[in-house]
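Let's walk through this model together, starting with the broad picture and ending on a single residue.

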Amino acid sequence: MLVCSCNFITEKEIADVVVDLLNEDCWQLIVPAKVYHAMQKRGRCCGCFPNVVDIIIRTTERYHAERHSTDGEIFDFMTRLKQFHEENRRADLERRQKGHRAA
Ligand code: FES
């Protein structure tokens, strides 16, 4: 399924890059910009980023479920990952609202 229409990136391509990044460091926090950088792409309109975040979270959950990480490790990490993305989403929304007011 096509996720990013600006760069023609599919869900599978994103999930594959997330797995590659997790293979390098399975506890790192992955953001859309890191995924796109690894693909040598960049966000243009960034409208796909919320979907990319969902793919990152799903892929990371699946990755750890398949690798026998302890429930405690997974819970702590997924809590941090979701909180991190939620804070970024909120900050992005605030930036957009401020930009809209200034225009
Ligand atoms: S849809 Fe992905 S950058 Fe525009």
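Of the 103 residues in the protein chain, 18% are buried. Keep in mind that this is a predicted model. The C-alpha atoms fit in a box of roughly 50 × 30 × 20 Å along the principal axes.

As for secondary structure, you'll find four helices and two strands, and the order along the sequence is β-β-α-α-α-α. If you look at contacts with a separation of 6 or more, 51% of them join residues 24 or more positions apart.

Now for the inside. The largest nonpolar core has 13 residues, and the ones touching the most other members are Ile14, Val18, Val35, Val52 and Ile56. At least two residues of this core come from each of helix 1 (11–24), helix 2 (32–38) and helix 3 (49–66). Helix 3 is the top contributor, giving five residues. As a general rule, nonpolar side chains in soluble globular proteins tend to be buried together.

Val52 is a handy place to zoom in. Once you set aside its neighbours within four places in sequence, its contacts are Val3, Ile14, Pro32 and Val35.

Finally, hop over to helix 4, which covers residues 71–102 and holds Arg80. Is Arg80 buried or exposed? Just 12 other C-beta atoms lie within 10 Å of its own, and a residue with 12 or fewer counts as exposed, so Arg80 is exposed. For a sense of distance, take Asn51: it is 29 residues from Arg80 along the chain, and their C-alpha atoms are separated by 18 Å.

How values were computed: Residues are numbered from 1 along each chain as its sequence is written. This is a predicted model: local features need pLDDT of at least 70, side-chain atom pairs count only at pLDDT 80 or more; totals for chains, interfaces and linings use all residues. A residue is buried if 20 or more other C-beta atoms lie within 10 Å of its own, exposed if 12 or fewer, and partly exposed in between; C-beta atoms are placed from the backbone. Two residues are in contact if their C-beta atoms, placed from the backbone, lie within 7 Å. A nonpolar core is a set of buried Ala, Val, Leu, Ile, Met, Phe, Trp, Tyr and Cys residues joined through C-beta atoms within 7 Å.
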